[in-house]
Amino acid sequence: MLNEPANNTDVVDNAINYKAKLGLKLFAVYGVIYLGFILINVLKPSFMKTEVLFGVNLAIIYGFTLIIVAIVMGLIYNAICTKKENEMNKEEAA
Amino acid sequence: MNYTASRIAVLVFLMFVGFVLGISFYFARKAKSAEGYFAAGGTIHWFVNGIAFAGDYLSAASFLGICGLIATMGYDGFLYSIGYLAGWIVALFVVAEPMKRLGKYTFTDALDSKFNSKGIQLMAAISTLAVSLFYLIPQMVGAGVLVTPLLGWPHWAGVMMVGAIVITIVATAGMTSTTYVQFLKGGLLIIFSTVLVVAVLNKGLSTEAGENTFIPRTIEAASVSPTVTTEHGGQSFVKIVQDGTANWWIDQQDGTLLEAQSKTITAKGELLYNGAPKTANKLKSVGYITKLPDGQTKTGRLGLFKYFSTIQGSEIVRYPKSKFAKFDDGGDHVCVFVPEITAGEDLMIPGQKFKLKSGIGKLNFISLMLALFLGTASLPHILIRYYTVPSARDARKSTIVAISGIGFFYILTLFMGLGAMTLGVIDVESGNMSAPLLAKSFSLVLFSVISAIAFATVLGTVSGLIVATSGAIAHDLMDNYMDIKMNDKQKVFAGKIAAFGVGIIAIILGIAFNGMNVAFLVGWAFAVAASANLPSIIMLLFWKKTTAKGIAWSIGVGMVSALAIILTSPNMYAQFGISATPIHQLNQPGIISIPLSFAILVIVSLMSQKKADAVEA
């Protein structure tokens, strides 16, 4: 049933610091986009009515962007982390 | 509305419940050890865990609550979708891997990994209990809401049935069965929601409401003889007897009367809808389009963008609760459901629920968005799922699977909510059933399947929450804090007894909070979680001066301040019919309680620096 071998947390991961820093950077980027959404709504809610794409307003497009960007950033983060883990942990093993 | 059960709905429902219980019993053999019971032995595949994450997260709040809020309040409901999803960014980029590395069964393990502090063990366990109970309330409310149209049972009976089934599941097999239930349910929910959205887009939009939708008639005021006229909230309401039934009409001040739907509790305690008993089925569903762009009456099939732009250019009749007129007519308590015509362009931006033109509205909005963003990574039943996979890498991968599945689903919520709003399927008394009723407007089979999945959603989420709370009691409180020496079997037994107790409490709370929007209730759970847990998690990971006392105080103050603000909020007064003026106007506590929790952690940590070594020892 798709189960995996039991926990291997004892394995040394040399990429921990790299991943933590990358995570914080990406978190900051997303935080700024999220903050922008909140600020527009608080400071000038009517601006959200502006049609920006195919007649659809900024509120919908910005909302969808926040969701899609989260998915895309997650995939990018995972790809970079996996690559770094393979590189840094292979060096250690060698 | 008066709901009657259909055979097919009952059949599909029983099949789902039977299947869920079957999985539970099958995996019971894996739950003999404590690790097996609380963390599925740490052997779940990352993809299964990711979809199970989605299953955990796409709870009654997401499917029932968000769709219901969008159906009744427009874009403001979608804010919950955005915030819930954005919270996963914190979980993925900041919390996932460290939590996996530091913990064992519960998030208290991770918080306490550097200190072995009794204070942390106690406060984190209490916080887990508080957050999980707050999260349990909307799930149980949602369960009752679902069972009413499915089986025709009253709300309380639905709540009790869910409680009984979930206690059976959790007491049988723990985290392994919960994971596989969530995996299947999460996958099915996404698939069938997609089917529903395709149906909505294929149908398009129309000004011709369905036969079961309430379309008010207008009559000349001079043509009838009112028996009673009353004023409320600047409007006049007129009671007219027609065909032996008395009902209320709204005086439009132009010589005409607009027909209204109403609910009356008579002096004798009899419940009447539109002047007749509930069984007469007089109360109809609501919500329809009065005007489409360019004078159209029907659009036909619509694409994704065209669907939104068409609604932006339309006018829609809604029934917001804030417009309901409640007054006494002699000894009768009357509630008239007053309609409001709203421009589509106003419904497609925030502002219907969160009054962004007022200071307190802005504050509530910021507070909610902050709590949703920071709450996900602090939910105990989400955090324990990091311990069910073999490694930190698997924890990360499963989080990404979760984000993808959940993000896709949240995009669907906007279509489902707007579909319910415009196709005249909303129960005027509660928006919580909007998505299943939308499915019913297309097909009884689709309704049956979607309702059964939604019910399984509640079962799975409640199971996860009860596993988290039983872990907090048996592992954190009894084993660690009280030092009650238990072997593996005893610890599992203690967890099961705890699960039983929490299940009973959840049933009571589910009945007490009937009628509140479930997404709104979950918003509170997020606020308590973000206030109590997140500052500790973040500071433990990134601030070396964090001490055990700082963490314990931060959890305590964050939790108590969030709970205090919620319990004294205007919404809580309204829920329990307290007529006194609330002591404050804030409905969302996060903007105060989260910074306060951070501040307390910093202050107490700095004050206890010299004693830190002693605490750690």
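This report covers chain A, its contact with chain B, and the domains and sheets of chain B.

**Basis of the model**

The model is predicted: local features need pLDDT of at least 70, side-chain atom pairs count only at pLDDT 80 or more, and totals for chains, interfaces and linings use all residues. Residues are numbered from 1 along each chain as its sequence is written, while chains are lettered from A and ligands numbered from 1 in the order in which they are written.

**Chain A: confidence and make-up**

The predictor's confidence in each residue is pLDDT, on a scale from 0 to 100. Its mean over chain A is 82. A value of 70 or more is reached by 84% of the residues of chain A. In chain A, helix α2 (residues 58-93) has the lowest confidence, with a mean of 86, and strand β2 (residues 56-57) has the highest, at 92. Residues 1-9 of chain A stay under 50. For that stretch the model has 20 contacts beyond four places in sequence. A contact requires two C-beta atoms, placed from the backbone, to lie within 7 Å.

Chain A holds 2 helices and 2 strands. Their order from the N terminus is α-β-β-α. Helices (H or I, at least four residues) and strands (E, at least two) are DSSP runs, numbered from the N terminus. Chain A has 94 residues, of which 23% count as buried. Buried means 20 or more other C-beta atoms within 10 Å of the residue's own; exposed means 12 or fewer, and partly exposed lies in between, with C-beta atoms placed from the backbone. Take the contacts in chain A between residues at least 6 apart in sequence: 67% of them join residues at least 24 apart.

**A:Ile60 and the contact with chain B**

A:Ile60 sits in helix α2 of chain A. A:Ile60 counts as buried because it has 23 C-beta neighbours inside 10 Å. Leaving out residues up to four places away in sequence, A:Ile60 touches B:Phe308 and B:Met348. A:Asp13 is 47 residues from A:Ile60 in sequence, and the C-alpha to C-alpha separation is 41 Å.

The contact between the chains takes 40 residues from chain A and 46 residues from chain B. On the side of chain A that touches chain B, α1 (16-43), β2 and α2 of chain A each supply at least two residues. The largest share of that side, 14 residues, comes from α2(A). By class, the side of chain A that touches chain B has 24 nonpolar, 11 polar and 5 charged residues. Here Ala, Val, Leu, Ile, Met, Phe, Trp, Tyr, Cys and Pro count as nonpolar, Asp, Glu, Lys and Arg as charged, and the others, Gly among them, as polar.

**Domains of chain B**

Chain B is assigned domain 1 (7-204 + 352-616) and domain 2 (218-347). These bounds come from an automatic or database domain assignment. The C-alpha centres of domain 1 and domain 2 of chain B are 35 Å apart. Between them, 19 residues of domain 1 of chain B are in contact with 19 residues of domain 2 of chain B. On the domain 1 side, α4 (60-73), α9 (175-203) and α14 (392-422) of chain B each supply at least two residues. The largest share of the domain 1 side, 4 residues, comes from α14(B). That side divides into 11 nonpolar, 7 polar and 1 charged.

**Two open sheets in chain B**

Strands pair if DSSP finds at least two bridges between them. The table lists two sheets.

| Strands | Order (chain B) | Pairing |
|---|---|---|
| 3 strands | β9-β10-β13 | antiparallel |
| 5 strands | β8-β7-β6-β12-β11 | antiparallel |

In the sheet of 3 strands, β9 (288-291) and β13 (340-343) of chain B stand at the edges; each has a single partner strand, so one side of each is left without a neighbour in the sheet. Strand β10 (residues 315-318) of chain B runs antiparallel to β13(B) and is joined to it by 4 bridges. B:Ile316 has B:Thr342 in β13(B) as its bridge partner.

In the sheet of 5 strands, the edges are β8 (276-277) and β11 (325-329) of chain B; each has a single partner strand, so one side of each lacks a neighbour in the sheet. β11(B) pairs with strand β12 (residues 332-337) of chain B in the antiparallel sense over 5 bridges. B:Asp328 stands opposite B:His333 in β12(B), and B:Lys326 stands opposite B:Cys335 in β12(B). The hairpin of β11(B) and β12(B) has 2 residues between the strands, and B:Gly330 takes a positive phi near 65° in this hairpin.
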